[in-house]
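Let's take a walk through this model together. Have the sequence and the 3D view ready, and we'll go from one protein chain to its partner and on to the DNA.

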There are 2 protein chains.
Amino acid sequence: MLHNRPRDLQETSEPNRVLQAIRQIVSEGLLPSDGRLPTERHLAAELEAGRASVRRALDTLEAEGLIWRKQGKGTFAGQPPDPTEELAAQIASDVDPLSAMEARLCIEPALADLCARRATADDVARLRKLAERTHDAEGSDSAELWDGALHRAIARIAGNRLMLTAFTLIDEVRMGDDWQEKRHRARTPETRAFYDAQHQKIIEAIDARNGPAAANAMRKHLETLFDNLRKSMEDRP
Amino acid sequence: MLHNRPRDLQETSEPNRVLQAIRQIVSEGLLPSDGRLPTERHLAAELEAGRASVRRALDTLEAEGLIWRKQGKGTFAGQPPDPTEELAAQIASDVDPLSAMEARLCIEPALADLCARRATADDVARLRKLAERTHDAEGSDSAELWDGALHRAIARIAGNRLMLTAFTLIDEVRMGDDWQEKRHRARTPETRAFYDAQHQKIIEAIDARNGPAAANAMRKHLETLFDNLRKSMEDRP
DNA sequence: GGATCAAACCAATCGTTCATTGGTTTGATT
DNA sequence: AATCAAACCAATGAACGATTGGTTTGATCC
């Protein structure tokens with residue numbers, strides 16, 4: 001119990017002690033993959049504090065934007081999920097890979113165009129870093145993730161909320177279903193080198209603030225992806 | 001049972017008899033407020049037919065777009081609901097008219113392209129009718145509505161669920177906010193004649209199955225809208 | 001008196017279970 | 001060949017209980 005603890009350990013107030021403890025849990029990577037924190041009751045028992053104290057500490061962390069809470073669900077690290085994801089999950093079931101690719105082919109060149117017109121020097125530097133990570137990635141899985149991050153960054157830099165939502169929609173559908181494995185097969189060492197070169201061209205066009213060129217480079221890149229996906233589906237449908 | 005029915009009442013085949021009966025149920029207002037039809041098993045018993053016959057009739061009605069079905073849920077009159085509206089309402093607040101217009105300029109030409117590649121003769125006929133209605137509309141309000149219907153029809157004919165969702169998102173945002181009045185001002189008798197001519201060009205390109213031309217015509221049309229909107233905002237911001 | 005805690009209750013959510021419903025196959029009947 | 005009846009599959013929804021954050025109350029300890 002708190003009251004039995006020696007005086008010299010009680011310099012800092014009770015809420016601060018709990019707050020720092022939880023802050024440490026959040027900042028360190030001690031959480032499950034979904035970012036879920038222990039329940040308030042569990043934290044209280046663990047930290048030998050009352051639930052009210054734990055809640056006050058969580059209030060602070062929530063105000064700082066480090067966690068978010070939802071009644072009946074739990075407490076999670078990071079920011080609350082975007083409502084776009086729910087919509088994506090709902091329509092993901094009746095969208096096939098080819099039509100998702102078709103939609104990308106419509107939207108992403110336009111995003112690259114906008115991106116070229118609005119990117120700052122910092123933005124371009126960030127894109128270069130992401131392309132580098134995609135290039136250096138060890139496994140095919142890892143390359144896939146960095147590639148996704150690159151495309152997402154371009155969409156974000158484009159700076160149009162509606163277009164970003166549309167992109168997120170497609171991206172969520174693309175990530176969360178059963179044809180991951182097909183794309184996986186479509187990514188061989190040769191294609192990866194090809195993709196890297198195409199990424200370079202896209203970023204160069206963006207760096208030159210040449211919107212149409214960026215759109216074209218993106219379109220070619222996606223067409224390559226499209227072709228490879230189709231081939232791998234024909235091989236083993 | 002069917003087999004006990006007198007010969008002279010059996011002129012029409014069994015599936016047609018069931019189809020007409022169900023069609024009547026749907027077209028009359030005999031359904032609950034949610035548009036739910038009786039279950040297939042119930043209909044089969046009611047119409048003294050087998051479930052397979054009922055299903056064939058429902059297949060026809062579904063192909064005609066009069067009903068939609070969902071496994072585990074039921075059969076309903078009309079078109080399947082679109083969950084996009086909620087998301088649109090959520091993000092509508094932080095989207096300004098110009099960026100919505102920008103998003104249209106990215107997406108709708110692509111939709112026109114797809115539409116040109118997939119439209120049937122019936123589709124084109126429907127588009128012509130809508131353009132005519134837009135032309136003949138009396139008030140500026142009415143013209144606005146028919147114009148929206150035309151653009152929506154093109155998006156639907158394009159036949160890509162994700163792109164349709166993206167379009168619906170923009171459309172909902174466009175409809176449901178405070179700058180309706182600005183667009184209203186931007187629609188004068190002169191501009192209306194201009195818009196009609198542009199609609200014609202779009203539909204002609206679609207009818208000729210010329211995707212790029214349709215995309216171009218749509219892009220020009222939207223740029224005109226864009227310019228007029230900008231002007232009317234400069235006049236009275 | 002202020003701070004803390006324990007307990008109890010409310011409300012939202014999730015997992016489970018079970019009935020319902022469309023989707024599909026099979027074999028019998030006419 | 002067409003139709004039907006039956007059985008099964010898969011997805012959905014309603015109902016229930018357990019869990020979790022949100023809130024209140026009264027006791028306890030400085």
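Across the interface of chain B and chain A, six residue pairs are in polar contact, both residues being at pLDDT 80 or more; a polar contact is a pair of N or O atoms within 3.5 Å, where within protein one must be able to donate a hydrogen and the other to accept it, and residues adjacent in sequence count only if both atoms are side-chain atoms. On chain B, the elements giving two or more residues to the side that touches chain A are helix H4 (84-91), helix H5 (97-118) and helix H8 (161-175). Among these, H5(B) gives the most, with nine residues. That side of chain B divides into 16 nonpolar, five polar and four charged residues (Ala, Val, Leu, Ile, Met, Phe, Trp, Tyr, Cys and Pro count as nonpolar, Asp, Glu, Lys and Arg as charged, and the others, Gly among them, as polar).

A word on the ground rules: this is a predicted model, where local features need pLDDT of at least 70 and side-chain atom pairs count only at pLDDT 80 or more, while totals for chains, interfaces and linings use all residues. Residues are numbered from 1 along each chain as its sequence is written, chains are lettered from A and ligands numbered from 1 in the order in which they are written, and side-chain values use heavy atoms, with hydrogens and water left out.

Back to the two chains: they also share two salt bridges (a side-chain nitrogen of Lys or Arg within 4 Å of a carboxyl oxygen of Asp or Glu). One of them pairs A:Glu102 with B:Arg118, whose closest N and O atoms are 2.4 Å apart.

Now for the DNA. Which residues are closest to DNA strand C? They are A:Ser53, A:Arg56, A:Gln71, B:Arg51 and B:Arg55, out of 25 that surround the strand. Sugar and phosphate make up 63% of the strand's atoms that come within 4 Å of the protein. A polar side-chain atom of B:Arg55 sits 2.5 Å from a phosphate oxygen of strand C, and one of A:Arg56 lies 2.9 Å from a phosphate oxygen of that strand. The surface near strand C holds three nonpolar, nine polar and 13 charged residues (near meaning that a heavy atom lies within 4 Å).

B:Gly72 reaches a base instead: a polar backbone atom of this glycine is 3.2 Å from a base oxygen of strand C.

Definitions and conventions. Helices (H or I, at least four residues) and strands (E, at least two) are DSSP runs, numbered from the N terminus.
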